[in-house]
Structure formats: structure tokens, C-alpha cells
Amino acid sequence: MAISNKPIVWGPFAAGGTLTAFVTPVLVLLTLAAALGHAPDLFAYDRLHAFAAHWLAKILIAGTVFLSLWSTAHRLRITCYDLGVRADTLVATIVYAGALAGTAASVIFLARI
Amino acid sequence: MTERAVELEVLRYNPETDREPRFQRYSVNCREEWVVLDALNHVKETVDPTLSYRWSCHMAVCGSCGMMINGEPKLACKSFLRDYAGVIRVEPLAHFPIERDLVTVIDDFMAKLARVKPYLIPKEPAPANGGEYRQTPAELKKFKQFTLCINCMLCYAACPEYGIIPKYIGPAAIALAHRYNQDSRDGGREARQEEIAATEGAWECSFVGACSEVCPEHVDPAGAIQQVKIRSTVDWYKEHLMPWRKE
Amino acid sequence: MAQGMSRKPYVRPMTSEWIFRHPRYVRYMVREFSCLFIGGWTLLLVWGLKQLAEGPAAWAAFLQWLTSPASIVFHVAALGFASYHSITWFNLTPKALPVQRGEEFLPDRAISGAHFVAWALVSVAILFLAGAF
């Protein structure tokens, strides 16, 4: 039995799970506030554009997107297997590729800000 | 002497005559303070001597009488009749092949326990007159919890991943490996990694946590498995990102 | 002892109905499904970045969509599921990262408690940085 390379995918999953545990609820709360029309000045274009234009903000946002999508992908992979979908390699390829695609998209959009 | 009328619905299976298992109903008068094991013994003694099941100590230390009681993995000697209402469904431990009646095939489990090298592997060969190992209370406390496993296999019955992936080495085997890895006298962690850090080792676990919930000895195999995952992950990244390091 | 006794072990089939065998498995599935909402919200964030990059008009359209009923329902559910993920994650942390001080291990609630406090502080900090107060 060889030592598995699972840590490659598990490491980012654990990091993402921890990050999302700390920050996702409050971030969802913020966009929920926007959805309900509260404090519209918080979400003004100039304000958010200025924030996202900063190099540090870009790194943080891209990192958050990557870790959030990766931990989602990993959990989705496990859940599919739990629910009886046996094609693990196929599912893994789809979910991790999706996470990387989402991350790439966020990097591209951030580069344009 | 208070009596209690008990209805047991027991899964029977005779490999010599049955194509598949079937339920059999037994009605017996039990004592109020009895456990399910007492009820089974009463059935075997007075109603049906062919009923087969494992048991020994009757005090939750030998790990023999694990079975599904109303769908939950339990020790029959620790399941009090007074805690159950209506018909009590008794089946062999889930996720194991049925040998006969409530007796399961445990060869897979026994083999897995042996695979994790469950013995002290000294860091250096000890000289013949080297004296005893010394260990502080803190060093003992570090692994003591994981020594309490009675090999009852309730955790395997509770673990859905073991049910789905029979090759998964399972909670008790990993907790056992962890017991030795955490022992200050031991130097065999790397040797055990081949088994518990393999794909069919800790990585099949998705931290459902059912194993720790049903464990009658509070070993917390789920905790052991996560600790193995974290340590293995740190090792992996150190090895691949800093290959010049010598441990 | 029966002569020539044959073994014919019976393997019970494993179906997906294990999920409903006990409330703990349902709770596990709910926890796992929280990833759909966390991932979904993150994709929303990525779309928001796209709209932000395209200019004020696109951004206004994004904010407009946010106020739609579908968005509000999603956000309420996402808030619930994301919080459930956080609660379950922090409650499990002490099992994965036990801390031994001297002879004894720190009680679980000390470690998870510290995480909950940190969660509250981080949330307040983010709200403050966002300009909520």
C-alpha cells in the first residue's frame, strides 16, 4: 500500500473549510443587506471598485474564491460518492476543474479592475 | 420480582438451508432489569436453542456481543430492556457479512488490526541490560484514550464509508495505529503510514463522526483519524515542498 | 459438531438509505450540502467581480439582481447553511487539534469556544472594514 497523495486536495479543502467557517457567514450577511436594499452607499460602485483595485485586496479575494470553491468541490465529490455515484475519478475531475475555472475567472476579472 | 413481556424480532440466517436472512419473532417474559443479551440467552435456553450469537463477559469489556438493536450498533449486554418500547429488532452488526444468525464474519476486521503493526517498534534497538522504558504521566495521557478499544466493531457498523467502501481500513484500526504513534516509547510511525496514510486508510474518512458516537469506551476514533490526516498532510507538504529536509 | 459444515456468508447490500438510518446521518448530509450554498455564493461573488470590472452600469444591474426574490431566498438559505458549516466546523476542531497542557488536555469547549469568539471578532471586524458602522 503506498502513501496516498490525497494531501494535495485535502490541504486546500481543510484550509478552505476553515476560511469559509470564519468569513462566509458575515460576507453573506453583507450581500443579503445589499439584497434587502439596506445601506446602499456601502455597495456603491466607486467604493467597491477602489477597494478591489488594490493589489492586496485582489490577492485576498482570489485566495478566498479559490479556497471556497475548492472546499466546495471536495465536499461535493465526497457527497456524490456517499449518495452512490461510483465514478469518483470523473466526479473529481469535474469538481476540481470547476473550482479552478472559477478561480481563473475571478483572477481575470480582478485583473480588469 | 418485576416481569417484563418482551418481543424480539431477530434476523435469522442458516447458511446450510437459507438463501437469505429472515426475521423471527420471539416473545419472552424477562426481568425488568435485564439487558438484551439476557433476553437472547433466555430465548436460547427456553425457546430456541438454535439461535446463534457471540457473547462473553456480559459487562461491556470483551467486545463480543455487538449487534444492531433497533437499527443502532450496540453491545447487547449494555442495552437495557427498560430503554426500549415495543418490539425490539435485533440484527447482526451492519456492514459485515452474516456467518449465521447474529454471528458476523470478522476476518476482514482482524486482518486490518494486524496490518497497522499494533506493537511497539522501538526507535533504536534496546540493549539487553538497558533497563525499562520511562514515561511521564503526560506522555501516557497522550495515547491512553486510544488504548481503551475493546474491538467490538460498533464503529465499523456505524461508519457509512466502511459500508460503502469495504476496503477502508476503518476507525478502530486507525485509532489503534494512532495509539502506538502517540506512544513516546514507539518509533514506528513511518512504518504504519504505509497502511493508514494510504488511500484506503484515513483518507476514506469524511468525518461523519458516527464511530465516536457509538463507541462504548469513548475512544474517539474520529478524532484519531483527523489527527492522522493533519499529520500526514503536514508531512506530505514538508516532503514535497522542502525535500532537502531530513526528519 | 456438524460434519462438512459449509460456510456461505450472506452479504447485505448497501443502499443510499443509510442516510435516513439515524438523525446523525441526516445532520451529516445537511452539513455536507452546506457546500452547495457556500460554493453558490462564491460563484455569485465571481459574477459580481465580472460586473464590477465591466463598469457602473453592469454593477448596477448586479445590485438590481441581488434584490430579486430568488436572490433573497438564496441569501437567507445561504446564511443558514454557511452558519451551520461554521458551527459544525468549530465544534469538530477540538477533535482534530487536541491541545495538551501539562498532563491534561484542554477541554473541547475551550478550543471550540475560542474559535467561536474569533468567529465573532472576525465578523465584527469585516463589518467595520466594510463600513457597516
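# Exercises on a predicted three-chain model

In chain A, 38% of the 113 residues count as buried. The model is predicted, and the exercises below treat its chains, interfaces and cores.

## Exercise 1. The form of chain A

Task: Determine which secondary structure chain A contains and whether its radius of gyration indicates a compact or a more spread-out chain.

Solution.

Step 1. Chain A has four helices and zero strands, and the order from the N terminus is α-α-α-α.

Step 2. For 113 residues the globule rule gives 13 Å, and the radius of gyration of chain A is 17 Å, well over that value; chain A is therefore more spread out than a compact globule.

Step 3. Along the principal axes, the C-alpha atoms of chain A fill a box of roughly 55 × 30 × 20 Å.

Step 4. Of the contacts in chain A with a separation of 6 or more, 74% are between residues 24 or more positions apart.

## Exercise 2. Helix α4 of chain A

Task: Compare the expected and the actual span of α4(A), residues 88–112, and identify what its buried residues pack against.

Solution.

Step 1. Helix α4(A) has 25 residues, and at 1.5 Å a residue it should span 36 Å; its end C-alpha atoms lie 36 Å apart, so the two values agree.

Step 2. The buried residues in α4(A) are A:V95, A:A99, A:G102, A:T103, A:S106, A:F109 and A:L110.

Step 3. These buried residues pack against α2 (45–53) and α3 (55–82) of chain A, together with α1 of chain C.

## Exercise 3. The form of chain C

Task: Describe the order of elements in chain C, its extent and the span of α1(C).

Solution.

Step 1. Chain C contains four helices and two strands, which follow the pattern α-α-α-β-β-α along the sequence.

Step 2. The radius of gyration of chain C is 24 Å, well over the 14 Å that the globule rule gives for 133 residues, so chain C is more spread out than a compact globule.

Step 3. The box filled by the C-alpha atoms of chain C is roughly 85 × 45 × 25 Å along the principal axes. Of its 133 residues, 24% count as buried.

Step 4. Among contacts in chain C between residues at least 6 apart in sequence, those that join residues at least 24 apart make up 45%.

Step 5. The 32 residues of α1(C) should span 46 Å at 1.5 Å a residue; the end C-alpha atoms are 47 Å apart, which agrees. Just after α1(C), C:G55 has a positive phi of about 120°.

## Exercise 4. The interfaces of chain C

Task: State how many residues of chain C are in contact with chain A, and which element of chain B gives the most to the side that touches chain C.

Solution.

Step 1. The contact between the two chains involves 38 residues of chain C and 42 residues of chain A.

Step 2. On the chain C side, α1 (23–54), α2 (56–66), α3 (69–96) and α4 (108–130) each supply at least two residues. The most come from α1(C), with 13 residues.

Step 3. By class, this side of chain C comprises 25 nonpolar, eleven polar and two charged residues.

Step 4. Turning to chain B, 28 of its residues are in contact with 20 residues of chain C. On the chain B side, β6 (98–100), α3 (137–144), α5 (160–164), α8 and α9 each give two or more residues.

Step 5. The most are given by α9(B), with five residues. The side of chain B that touches chain C divides into 15 nonpolar, five polar and eight charged residues.

## Exercise 5. Domains and cores

Task: Establish how the two domains of chain B meet and which residues of the largest nonpolar core touch the most other members.

Solution.

Step 1. Chain B is divided into domain 1 (3–104) and domain 2 (107–241), with centres 31 Å apart over C-alpha atoms.

Step 2. Domain 1 of chain B brings 13 residues to the contact and domain 2 of chain B brings twelve. On the side of domain 1, β3 (66–69) and β4 (72–75) of chain B give two or more residues each, and β4(B) has the largest share, three residues.

Step 3. The largest nonpolar core has 64 residues, of which B:A76, B:M153, B:C155 and B:I174 touch the most other members. Its largest share, seven residues, comes from α6(B), and each of the two domains of chain B supplies at least three residues.

Step 4. Leaving aside residues up to four places away in sequence, B:M153 touches B:G66, B:L93, B:I106, B:F109 and B:A172.

Step 5. A second, separate core of 35 residues includes A:V95, C:I38, C:L66 and C:L79.

Key: Residues numbered from 1 in each chain as written. Chains lettered and ligands numbered in written order. Predicted model: local features only at pLDDT ≥ 70, side-chain atom pairs only at ≥ 80, totals over all residues. Contact = placed C-beta atoms within 7 Å. Nonpolar A, V, L, I, M, F, W, Y, C, P; charged D, E, K, R; others polar. Domains from an automatic or database assignment. Rg over C-alpha atoms; globule rule 2.2 N^0.38 Å. Buried ≥ 20, exposed ≤ 12 C-beta atoms within 10 Å, placed from the backbone. Expected span 1.5 Å × (residues − 1). Core = buried A, V, L, I, M, F, W, Y, C linked by C-beta atoms within 7 Å.
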